Structures are given as C-alpha cells and as structure tokens.
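Here is a short set of exercises to work through with the structure open beside you. Try each task first, then follow the solution step by step.

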Amino acid sequence: MRRFFAVLCLTASAGLLLCAAATSHLDRVPQKDHTRINPLAAHPESVAAGSLVYRDHCAQCHRADAMGDGHKKPPLRSEHIRSATDGDLEWFLRQGDLAHGMPSWSSLPEAQRWQLIAYLRSIQ
Amino acid sequence: MFRSFLPFLRPVPRFLPLILLCFVRLPVAQAQEKPYFVTYSHDLEEPGNLEIETKTALAQPGQSHRYGAIASELEYGATAWWTTELYLDGQATAQDSTLFTGFRLENRFRPLMREHLINPVLYIEYESISGADKTLLEVVGHDGQSDLAEPNGEARREHQHEAELKLILSSNLKAWNISENFISEKNLGHEPWEFGYALGAARPLRTLGSGKPCVFCLEKFTAGAEAYGGLGDTDSLTLRDTSHYIAPIIGWQLPVGRLSFSTGFGLTSSSLDRVYRIGWASELPQVGSWFHSRSGGGQ
C-alpha cells in the first residue's frame with residue numbers, strides 16, 4: 001500500500017512539473033506589461049545602442065549571431081520572439097527566468113532594456 | 001593623506017601590464033554588479049561566468065602604522081539563483097610585515113524566482129582568518145580601529161573560524177539600486193553573535209545607451225554611497241564603542257573590467273578616520289563551457 005502511494009505521489013509530481021513546463025514563461029506576463037509599447041522604438045540610436053547592450057551582456061550566452069548555443073541557451077531570432085509584444089520582452093528581461101538559467105536584468109536601466117528590444121526586433 | 005599610501009601601490013605598475021594582457025587576450029563580459037565594497041545587492045553572477053575581483057583597503061589606525069589590505073575574490077555563477085565565492089585575504093603594514101590572513105567561502109541564494117519590489121538574498125559564509133585581517137569587508141559588533149592597530153605578530157596568533165549570515169534586501173527603482181544588508185557573525189569558538197549593517201544606493205550617471213562604443217561616456221559610470229557599521233553583540237547589544245562609516249563610491253566600466261573607488265569617512269571615535277578603497281573586477285564569460293568544449297561536449 002505504501003509503495004502504491006509513493007508511485008501515486010511521484011506520478012502526480014511529474015504531471016505537475018510537466019504542466020508547469022508546458023506553460024511558456026511569456027504566458028505569465030501581466031496584462032499591463034503585455035500591452036506596453038517600446039517608447040524608444042523610433043529613436044534613431046536605439047538599434048545601435050541596443051546592439052552594444054547585446055554585445056556586452058547577451059552575446060556570451062546567446063552568441064553574437066543570436067542563434068543560441070543549440071542547447072540550453074535559446075536562439076533569439078525565433079518565432080517566439082517575433083510573436084512576443086515589446087511589453088512581453090521587457091517584462092521577461094526584467095524578471096528573467098532564474099529557475100531555467102536566465103538572469104534578471106532588472107539592474108540594467110529600463111531605457112537600455114528598451115534599446116535592447118529595438119535591436120532584437122531589428123535582427124528578426 | 002592618500003599620498004602616504006602610495007608606497008603600497010608601487011608594486012602594482014610592475015604587474016599591471018601582465019594583468020591587463022591576460023584580460024585583453026581573454027574574452028570578457030560586463031557584470032551587472034554595483035561598485036559597492038561592503039554592501040551586497042541582489043545582483044548575482046550570471047550562470048557560468050567567473051568574476052575575478054580585488055578589493056583593496058588603505059587606512060591608518062590612530063597611534064599605529066598605515067596599512068594596505070587586499071581581498072582577492074573568485075566569484076562563480078553556479079546557477080541564476082546561486083553564486084559561490086572564494087576570497088583570499090592579505091595585508092601589509094608599514095614598519096611591520098606582509099602576510100596572508102586567511103580565506104572565506106561564501107554562497108548567496110535568491111529564494112524567490114521572480115523580481116519583486118524588495119528582493120531578498122540569503123548569504124552564508126565561512127571564514128578562516130587571523131586577527132590580522134584588515135580588509136574591512138564588513139564591520140560587526142564592536143569592531144574598531146584598536147583591532148586594526150595591533151602589531152601583526154600578535155594579531156596573527158588569534159585564529160578565527162567564523163560563520164556569517166546576511167539577509168540582503170535589494171530593490172531596483174527606476175535607475176537606482178537601493179540595498180540593505182543585515183549581518184550576523186558568530187565566532188565558532190564560544191564567542192557571542194555580533195551584528196552589523198550595510199546600506200547602499202547607486203545609479204548610473206546616464207541611463208540611455210549612447211549608441212557608439214565609448215570609454216568615457218556617462219553611462220559607463222555609476223555613482224552612489226554606502227554606509228556600514230557595527231550594532232553590538234549578544235553580550236552588549238548597544239551602539240557604544242561601535243564603528244560606523246559613510247562612503248561615496250564611483251564605478252567605471254571599462255572594456256576589460258570595472259574599476260571602483262571609495263573613500264570611507266569614520267563617524268565615531270572607534271572608527272578609522274578614512275578608509276580608501278580601490279576595486280577591480282573582470283568577468284570571464286561562460287567558463288564552464290570552455291571545459292565542455294575541450295572535452296568534446298561543447299557546441
């Protein structure tokens with residue numbers, strides 16, 4: 001009987017974990033963040049400034065060509081990024097995904113996060 | 001007064017080109033950390049990155065000789081929520097001696113996986129240092145300048161095995177980082193718990209990236225201040241005979257690392273008059289993957 005309960009608990013835990021994993025991190029973006037628009041999108045220097053932010057902070061994991069490492073660090077030229085709103089991306093940069101290895105970039109000034117998003121849009 | 005510490009910096013130019021060459025030849029990343037010397041924010045090391053940092057303290061206790069103490073730090077991002085560090089400490093005192101004063105192992109954990117208004121970090125450290133340690137990486141209990149004035153020969157005989165716990169609370173508000181650290185330290189040999197604090201606030205001088213590579217542009221500089229001091233111990237939970245400092249700080253992000261400066265001003269009679277600090281940090285990206293690549297497991 002004890003073994004039965006152990007198997008049941010393990011199965012339930014695995015199921016919960018699978019459900020959690022199946023939910024995209026961006027699905028959890030609050031509505032007020034989801035609808036935000038990049039205030040620096042039209043700024044002429046945003047893409048150039050964003051590329052420097054990318055080079056300094058992101059290229060070490062996601063590679064200079066933003067194609068990721070083919071393993072844990074995902075490509076940033078992807079449908080996932082294209083379909084996300086500016087607000088989704090800013091929220092994700094600010095929050096990170098600590099459990100899956102993505103640091104929070106909340107200490108990067110917000111203006112530079114928006115510049116980075118402008119750069120990411122430019123390379124899609 | 002700073003000029004009197006110049007002899008301690010004399011050996012640095014001899015080795016500086018070699019040190020810089022090492023980092024020029026290696027890929028480097030730019031860290032998120034603030035230029036605090038005592039205070040911790042909730043910025044952890046990026047996973048897989050190794051930061052090599054030195055923190056130098058230059059001071060002169062009253063009625064004693066001036067000294068220079070250095071803490072060399074290796075900080076590794078084990079995961080996005082766990083950073084582990086090794087410190088090696090040493091010091092040189094004028095008209096006395098130069099000695100290695102011990103090591104520290106520390107770990108910082110972020111218990112909450114989301115960013116909040118106030119972000120807690122749990123800090124646990126083991127220290128095996130001698131009484132001659134003068135790096136002033138924290139001030140606790142009734143630490144004062146008299147502890148730093150003892151001759152090295154006497155001070156090194158006291159060996160301290162200590163555990164230190166910190167609760168780090170940190171917020172990023174607009175471009176500001178505001179951090180509060182609550183420190184408790186226990187000598188594992190039947191000594192009372194000692195308490196201390198560190199507070200810091202810092203912000204970049206310009207938040208908008210300039211769009212072209214530059215070394216002297218304002219977004220490369222971060223300025224702020226930190227305050228730190230002792231809060232007594234369990235035998236004497238009072239501010240009497242405690243040391244307190246306030247220290248403006250400035251950090252400069254260079255292509256090969258981060259340079260930081262601070263001058264701490266003592267606020268009580270137990271405090272040192274001034275503590276000059278110089279820091280250098282350079283971050284090697286994705287160190288773990290170097291070994292994976294060599295063993296054929298890399299991409």
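**Exercise 1. Decide whether Arg63(A) is buried, partly exposed or exposed, and describe its backbone.**

Solution. Start by counting: 16 other C-beta atoms lie within 10 Å of Arg63(A), so this residue is partly exposed. The scale used here calls a residue buried at 20 or more other C-beta atoms within 10 Å of its own, exposed at 12 or fewer, and partly exposed in between, with C-beta atoms placed from the backbone. Before going on, note that this is a predicted model, in which local features need pLDDT of at least 70 and side-chain atom pairs count only at pLDDT 80 or more, while totals for chains, interfaces and linings use all residues. Residues are numbered from 1 along each chain as its sequence is written, and chains are lettered from A and ligands numbered from 1 in the order in which they are written.

Next, place the residue: Arg63(A) sits in the loop between α3 and α4 (79-83) of chain A. Helices (H or I, at least four residues) and strands (E, at least two) are DSSP runs, numbered from the N terminus. Finally, check the backbone: phi of Arg63(A) is positive, about 75 degrees, although the residue is not a glycine.

**Exercise 2. Find what Ala66(A) has for its phi value, its place and its exposure.**

Solution. Phi of Ala66(A) is near 60 degrees, a positive value in a residue other than glycine. Its place is the loop between α3 and α4 of chain A. Ala66(A) has 19 C-beta neighbours inside 10 Å, so it counts as partly exposed.

**Exercise 3. Work out where α3(A) is kinked and how its span compares with that of a straight helix.**

Solution. First, the span: the end C-alpha atoms of α3(A) are only 20 Å apart, whereas a straight helix of 17 residues would cover 24 Å at 1.5 Å a residue. The expected span is 1.5 Å times one less than the number of residues.

Second, the kink: α3(A) bends by about 50 degrees, centred on Asp56(A). The bend at a residue is the angle between axes fitted to the seven residues ending there and the seven starting there.

Third, the residue at the centre: Asp56(A) belongs to helix α3 (residues 46-62) and is partly exposed because it has 19 C-beta neighbours inside 10 Å. From Asp56(A) to Ala42(A), 14 residues apart in sequence, the C-alpha to C-alpha distance is 23 Å.

Last, the packing: buried residues of α3(A) include Leu52(A), Val53(A), His57(A) and Cys58(A). The helix packs its buried residues against α6 (110-122) of chain A. Two residues are in contact if their C-beta atoms, placed from the backbone, lie within 7 Å.

**Exercise 4. Summarise the make-up of chain A and say where confidence is lowest and highest.**

Solution. Chain A has six helices and zero strands. Of its 124 residues, 36% count as buried. Among contacts with a separation of 6 or more in chain A, 67% join residues 24 or more positions apart.

Now turn to pLDDT, the predictor's confidence in each residue, from 0 to 100. Its mean over chain A is 86, and 81% of the residues reach 70 or more. Confidence in chain A is lowest in helix α1 (residues 2-22), at a mean of 52, and highest in α6(A), at 97. Over residues 15-22 of chain A, pLDDT stays under 50, and the model has zero contacts there beyond four places in sequence.

**Exercise 5. Identify which residues have the most contacts inside the largest nonpolar core.**

Solution. A nonpolar core is a set of buried Ala, Val, Leu, Ile, Met, Phe, Trp, Tyr and Cys residues joined through C-beta atoms within 7 Å. The largest has 27 residues, and Val38(B), Ala57(B), Ala59(B), Tyr228(B) and Val275(B) have the most contacts inside it. Strands supplying at least two residues each include β1 (50-59) and β9 (221-233) of chain B. The largest share, four residues, is that of β8(B). A second, separate core has 22 residues, among them Leu40(A), Leu52(A), Leu116(A) and Leu208(B).

**Exercise 6. State how many residues each chain brings to the contact between A and B.**

Solution. Chain A brings 28 residues and chain B brings 27 residues.
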